[in-house]
Amino acid sequence: KIYYKGQTHFLPDVIDNASIGSFRAGDNILAYKNMDGYLKIYYRNQVFNTEVFQPSKYKAGANTVAFINESTQEFSVFYKGKVKVLEQQPPVSFSVADDMVAYVDNNQNFKVFYDEEIFDLASFAPDSYTAEDNILAYSDNVNFNLFFKGKTYNLQRNIPKEYKIDQSTLVFKDIQGLLNVFSDGSIDLVSKEKTNNYQLSGNILKFSNSLNEYHFFV
């Protein structure tokens, strides 16, 4: 069963637990292999048949499912009810978030599909990248970058040891160890003193200073 917007629905070609080979869920979408091995997508109370048999890999985010067609080797995306072929060959790696698919193609180019467009981010594979909610964070040898709603941002010339993402916010410590936040397109220094710990919940940041005083950044 699927619970969606206060109602419970049955998938039309799923009888029991044994009828689903596997499934991936995003915020408002469900991709699954049915009992015959075909990739289907439940989206806005409709079931879409991709006609793809036994996909080797597939991942889901809000409004979005990316998958590799085992028979044709095409790399495709289902986005808001339509299927688009992104590449003729499988990518080296890919990640799916809300309305976006970040991937390294067969020629090591780093790209992102966002809102029905493909953006070329780099002609080489990043050292690391993370796509989560509305944000794609990635790094090379010297730069820490971010892709958000069709735009790229260079956050700093230093790769943070850790960072946290939730919804439209990313929190990281700069080279001085000070807490910075990127939120909805702007970058702000949260505090001029070092913080003991911090928590990100949605777009709300909670952190404590050296006196163990708690503060909030919204």
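These legends walk through several close-up views of a predicted model.

**View 1. Four strands side by side in an open sheet.**
Let us start with β3, β4, β5 and β6, which line up in that order as an open sheet with antiparallel pairing. At the edges stand β3 (23-25) and β6 (46-53), and each has a single partner strand, so one side of each is left without a neighbour in the sheet. From one strand to the next, the twist averages 15°. Now look at the middle of the order: β4 (residues 29-33) and β5 (residues 38-43) run antiparallel and are joined by five bridges. Which residue of β5 stands opposite A31? Trace across and you will find I41.

**View 2. A second open sheet, β15 to β18.**
Here is another open sheet of four strands, with the order β15-β16-β17-β18 and antiparallel pairing. Which strands stand at its edges? They are β15 and β18 (151-156); each has a single partner strand, so one side of each is left without a neighbour in the sheet. Neighbouring strands of this sheet are turned against each other by 20° on average, with direction ignored. Five bridges link β15 and β16 in the antiparallel sense. One bridge to find for yourself is that of A131, whose partner in β16 is L136.

**View 3. Charged side chains joined in a network.**
Side chains of opposite charge can pair when their charged atoms come close. How many salt bridges does the structure hold? There are two. In one, the side chains of E87 and K111 meet at 3.0 Å, N to O. Because E87 lies in strand β10 (residues 82-87) and K111 in strand β13 (residues 110-114), this pair ties together parts that are 24 residues apart in sequence. The side chain of K111 also meets that of D105 in a salt bridge, here at 3.4 Å, N to O. Through shared partners, the salt bridges join E87, D105 and K111 into one network. Are E87 and K111 buried or exposed? Both are buried. K111 has a relative accessible area of 14%, and buried means under 20%, so K111 falls within that class. D105 is buried as well, at 4% relative accessibility.

**View 4. The largest nonpolar core.**
This close-up shows the largest nonpolar core, which has 14 residues. Which residues have the most contacts inside this core? They are F110 and L136. Several strands contribute: β12 (100-104), β13, β14 (117-122), β15 (128-132) and β16 each supply at least two residues. To get a feel for the surroundings of L136, set aside residues up to four places away in sequence; L136 then touches a list of residues including M100, A102, F110, V112, L121 and F147. Y129 and A131 are also among the residues that L136 touches.

**View 5. Y129 and its polar partners.**
Strand β15 is where you will find Y129. The side chain of Y129 makes a polar contact of 2.7 Å with the side chain of S93. A polar atom of the Y129 side chain also lies 3.3 Å from the backbone nitrogen of F94. Not counting residues up to four places away in sequence, Y129 touches S93, F94 and S95, as well as A102, Y103, V104 and F110, among others. For a sense of scale, the C-alpha atoms of Y129 and G61 are separated by 16 Å, and these residues are 68 places apart along the chain.

**View 6. S139, a buried serine in β16.**
S139 has its place in strand β16 (residues 135-139). Is S139 buried or exposed? Its relative accessibility is 4%, so S139 counts as buried. The side chains of S139 and S128 are joined by a polar contact of 3.1 Å. Leaving aside neighbours within four places in sequence, S139 is in contact with P126, D127, S128, F144 and I159.

**View 7. V142 in a loop.**
Our last stop is V142, placed in the loop between β16 and β17 (144-148). With a relative accessibility of 38%, V142 counts as partly exposed. Apart from neighbours within four places in sequence, V142 is in contact with Q156, R157, N158 and I159. The C-alpha atoms of V142 and F217 are separated by 28 Å, and these two residues lie 75 residues apart along the chain.

Methods. Residues numbered from 1 in each chain as written. Predicted model: local features only at pLDDT ≥ 70, side-chain atom pairs only at ≥ 80, totals over all residues. Heavy atoms only, no water. Pairing = 2+ DSSP bridges. Axes fitted to C-alpha atoms, helices over the stretch in contact; angles between N-to-C directions. Buried < 20%, exposed > 50% of the residue type's maximum accessible area, 1.4 Å probe, protein only. Polar contact = N/O pair within 3.5 Å; in protein donor to acceptor, adjacent residues only side chain to side chain. Contact = heavy atoms within 4.5 Å. Salt bridge = Lys/Arg side-chain N within 4 Å of Asp/Glu carboxyl O. Core = buried A, V, L, I, M, F, W, Y, C linked by side-chain atoms within 4.5 Å.
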